[in-house]
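Subject: Structure handover

Hi,

Here is the structure I promised to pass on. Have a look at it first, and then read on for what I found in it.

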Amino acid sequence: MEQVEQTAEAEPTSAQVADEAVDEAVDDAIAAEQPRRPSRPGLSPSRTNDFLQCPQLFRFRVIDRLPEPASPAAARGTLVHAVLEHLFALPAPERTLDAARALVPVQWEVLREQDPRVEELFGTDDEVLEWLAGARSLLGTYFTLEDPTRLEPRERELSVRVELEDGPELRGIVDRVDVAPNGWVRVVDYKTGRSPRAGFESSALFQMRFYAYVIWRTRGVLPKRLQLEYLGDGVVVQHEPSEAEMATFEARIRSIWAGIQETARTGEWRPRTSKLCDWCSFRALCPAFGGTPPEVPEGAVERATGVVPAA
Ligand code: SF4
């Protein structure tokens, strides 16, 4: 199934905004599980989107590094990603829907150990069972999109990063990389929400171009295909990137980084209200809603952006 990216953007619906917020939270949870290593100021697709959507949100997440509460939808997304990752560790003939569903309680235990806050999301055992049933249902949809017994991924949950000369470090976690016998590379990302309506794919494709660019720069191979699999409604969005597109992407990311550094210099992390505010964890602290942001921790702006704020 091929969908062509459109440029005409109207207001996204509340459901779309909610799904995107969940996808970002899932990406963050997966990134948090990766081993940490010292790094220079940088950007992931989610944090880039944060700045574009609302500079104040970027400040709360990247400069202040304020904690955010877990949500059932994001935790379910993390669980489903973990199940799919471990499914591909099984021998190909054993990657059945029953096997995937059998991994759900196993990965739920792992999730509880890694993040005890998820226990607090549910008041009763019935609520947990219903939530787990939702995860099994998403896995059922996954099996309508592709047959994992016929795939042999080259990488799963691959941590990618590249340093842009005179720019930020770009980093992210790629759900899956497939390499065909002829060398063609396919980058796959699972989304547990619903697919965007036609004309609203740009945010998701931005993330995929980001990964394509980093793989291209680090491995010298431009992925042939970028594939988003939406388990919320069983839709696959595919895109074939070009080298010209990668050049445009690099120019865009440099321009966004310049905007971030200029904002860091002036300290004007302005709130930009939108439908996203309904899902924002920091609303109580946001000046747009009468809140008062905390003092910026000493040295935090420089650590995150490489810029010393103007006195
Ligand atoms: S509540 Fe809205 S305006 Fe305020 S930080 Fe969050 S997204 Fe930005």
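Let's start with confidence, since this is a predicted model. Among the elements of the protein chain, helix α3 (residues 55-63) has the highest mean pLDDT, at 98, while helix α1 (residues 14-33) has the lowest, at 64. For the protein chain as a whole the mean pLDDT is 90, and 87% of the residues reach 70 or more. The stretch to be wary of is residues 1-10, where pLDDT stays under 50. The model does have 14 contacts beyond four places in sequence for those residues, but where pLDDT is low, the predicted coordinates should not be read in detail.

Now the overall picture. The protein chain has 9 helices and 6 strands. Of its 311 residues, 34% are buried. If you take the contacts between residues at least 6 apart in sequence, 72% of them join residues at least 24 apart.

**The ligand**

There are 14 residues around the ligand, and C54, P271, C277, C280 and C286 come nearest. By class, the shell around the ligand is made up of 10 nonpolar residues, 2 polar ones and 2 charged ones.

One of those nearest residues, P271, also turns up as a partner of P287. The C-alpha atoms of P287 and P271 are 7.2 Å apart, with their positions 16 residues apart in sequence. P287 sits in the loop between α8 and α9 (300-305). Leaving aside neighbours within four places in sequence, P287 is in contact with P271 and P293. Is P287 buried or exposed? It counts as exposed, because it has 12 C-beta neighbours inside 10 Å, and a residue with 12 or fewer falls in that class.

**α7 against α8**

This is the helix pair I'd look at. The axes of helix α7 (residues 202-219) and helix α8 (residues 243-266) come within 10 Å and cross at roughly 105°. Angles of 65 to 115 degrees count as roughly perpendicular, so α7 and α8 are roughly perpendicular to each other. Which residues meet there? From α7 they are R209, A212, Y213 and W216, and from α8 they are E245, M246, F249 and E250. Sorted by class, that contact has 5 nonpolar residues, 3 charged and no polar ones.

**The loop between α3 and α4**

Two residues in this loop are worth a click, D64 and R65. D64 has 20 C-beta neighbours inside 10 Å and therefore counts as buried, as 20 or more is what that class requires. Not counting residues up to four places away in sequence, D64 touches R59, P294, V296, P297 and A300. The pairing with P294 spans 230 residues along the chain, yet the two C-alpha atoms are separated by 8.0 Å.

R65 counts as exposed, because it has 11 C-beta neighbours inside 10 Å. R65 also has a positive phi, near 50°, in a residue other than glycine. The helix that follows this loop, α4, covers 72-87.

**β2, β3 and the loop between them**

D166 is another residue with a positive phi, about 55°, although it is not a glycine. It lies in the loop between β2 (155-163) and β3 (169-179). D166 has 7 C-beta neighbours inside 10 Å, so it counts as exposed.

E155 lies in strand β2. How far apart are the C-alpha atoms of E155 and D178? They are separated by 7.0 Å, with the two residues 23 apart along the chain. E155 touches V174, R176 and V177, again not counting residues up to four places away in sequence. With 16 other C-beta atoms within 10 Å, E155 is partly exposed, because that class lies between the 12 or fewer of exposed residues and the 20 or more of buried ones.

That's what I have for now. If you open the model, my picks to start with would be the residues nearest the ligand, C54, P271, C277, C280 and C286, and then the crossing of α7 and α8.

Cheers

Terms used: Residues are numbered from 1 along each chain as its sequence is written. This is a predicted model: local features need pLDDT of at least 70, side-chain atom pairs count only at pLDDT 80 or more; totals for chains, interfaces and linings use all residues. A residue is near a molecule or strand if its C-beta atom, placed from the backbone, lies within 6 Å of it. Ala, Val, Leu, Ile, Met, Phe, Trp, Tyr, Cys and Pro count as nonpolar, Asp, Glu, Lys and Arg as charged, and the others, Gly among them, as polar. pLDDT is the predictor's confidence in each residue, from 0 to 100. Helices (H or I, at least four residues) and strands (E, at least two) are DSSP runs, numbered from the N terminus. Two residues are in contact if their C-beta atoms, placed from the backbone, lie within 7 Å. Axes are lines fitted to C-alpha atoms, for helices over the stretch in contact, and angles run from 0 to 180 degrees between N-to-C directions. Angles under 35 degrees count as roughly parallel, over 145 as roughly antiparallel, 65 to 115 as roughly perpendicular and the rest as oblique.
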